[in-house]
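Got your viewer open and a cursor ready? Here's a quick walk through this one, one selection at a time.

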Amino acid sequence: TAKYYVTINDAPGHRDFIKNMITGTSQADCAVLIVAAGTGEFEAGISKNGQTREHALLAFTLGVKQLIVGVNKMDSTEPPYSEARFEEIKKEVSSYIKKIGYNPAAVAFVPISGWHGDNMLEASSKMPWFKGWAVERKEGKADGKCLIEALDAILPPSRPTDKALRLPLQDVYKIGGIGTVPVGRVETGVLKPGMVVTFAP
């Protein structure tokens, strides 16, 4: 984006893969909740056992305190690119995420169509009614028209780079022709090529 290098971690939406979704989400600084706007699709996601609910709750529970909501498939609403449908979804999702613990005023809601690229990288001419998203939080306000600008408004967390290197191992892979590959996340400190490190049980 204009300000950051953003790593997108695409977590699966299907409930059979909730384990993978948790793995991905637990490492995130911000969650982008994609909600389908199509008739019946949104209703299924927000229903009692729906994935929209489950994913939003898991993100908050895993400590992902920043949230962006992408209202996707705006091209398949009735009629296409319907403002009323967007407002209905925004209202319902806002009230649900508020119950979980998110502050809706700090959450950007962006109507998008991933298939057609509407409001993804630049403002779409198909939704002239959308005047843009705006968020308020104690670190200041932000606003914009499309999803990439919402990503640009994420507040980067302070990383404890001044402390000693600590990298808890999540897994170790043995890959033929390459060797042993330890996998984990740098929690504190800095890791650079050529460093001498100590492994402790």
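Start by colouring two ranges: residues 15-153 as domain 1 and residues 160-200 as domain 2, which is how the protein chain is divided. Keep in mind as you go that this is a predicted model. Drop a marker at the C-alpha centre of each domain, and the two markers sit 34 Å apart.

Now select residues 1-161. This is the stretch that the UniProt record, an unreviewed entry, annotates as "domain: Tr-type G". Helix makes up 30% of that span and strand 17%, and its end C-alpha atoms are 23 Å from each other.

Zoom out and switch to cartoon for the whole chain. You should be able to tick off five helices and seven strands. Walking from the N terminus, the order goes α-β-α-α-β-α-β-β-β-α-β-β. If you draw a box along the principal axes, the C-alpha atoms fill roughly 60 × 40 × 35 Å.

Flip on a surface next. The protein chain exposes about 12800 Å², with carbon and sulfur atoms supplying 56% of that. Of its 201 residues, 34% count as buried. How do the contacts spread along the sequence? Take those between residues at least 6 apart: 65% of them join residues at least 24 apart.

Time for side chains. Select the aromatic rings and look for pairs; there are four aromatic pairs to find. Stop at F60 and Y102, which meet edge-to-face, with 4.9 Å centre to centre and 75° between the planes. This one reaches across the chain: F60 belongs to helix α3 (residues 51-61), while Y102 is in the loop between α4 (83-100) and β3 (108-111), 42 residues apart.

Buried or partly exposed: which is F60, and which is Y102? F60 is partly exposed, because its relative accessible area is 21% and buried means under 20%. Y102, at 4% relative accessibility, counts as buried.

Next, pick F86 and W129. Their rings form a tilted pair, 5.7 Å centre to centre and 40° between the planes. F86 lies in helix α4 and W129 in the loop between β3 and β4 (133-137), so this pair ties together parts 43 residues apart in sequence. F86 is buried at a relative accessible area of 1%. W129 has 19% relative accessibility, so it also counts as buried, since the cut-off is under 20%. Add F130 to the selection, too: ring pairs link F86, W129 and F130 into a cluster.

Swing back to F60 and show K65. What sits over the ring of F60? It's the charged end of K65, 4.2 Å from the ring centre.

Last stop, staying in helix α3: click on H55, which is found there. H55 is buried, with a relative accessible area of 12%. To see what surrounds H55, leave aside the neighbours within four places in sequence and show its other contacts: P12, G13, I18, M21 and L33.

Before you close the session, try one view that puts a few stops together. Show helix α3 with both H55 and F60 as sticks, then bring in K65, whose charged end sits over the F60 ring, and Y102, the edge-to-face partner of F60.

Terms used. Residues are numbered from 1 along each chain as its sequence is written. This is a predicted model: local features need pLDDT of at least 70, side-chain atom pairs count only at pLDDT 80 or more; totals for chains, interfaces and linings use all residues. Side-chain values use heavy atoms; hydrogens and water are left out. Rings of Phe, Tyr and Trp (its six-membered ring) pair if their centres lie within 6.5 Å; planes under 30 degrees apart count as stacked, over 60 as edge-to-face and the rest as tilted. Helices (H or I, at least four residues) and strands (E, at least two) are DSSP runs, numbered from the N terminus. Buried means under 20% relative accessible area, exposed over 50%, partly exposed in between (1.4 Å probe, protein chains only). A charge sits over a ring if NZ of Lys or CZ of Arg is within 6 Å of the ring centre and within 35 degrees of the ring normal. Domain bounds come from an automatic or database domain assignment. UniProt positions are given in the numbering used here, feature names are shortened, and annotations may be inferred rather than shown by experiment. Contact means heavy atoms within 4.5 Å. Accessible areas come from the Shrake-Rupley method with a 1.4 Å probe; for residues, only the protein chains shown count as cover.
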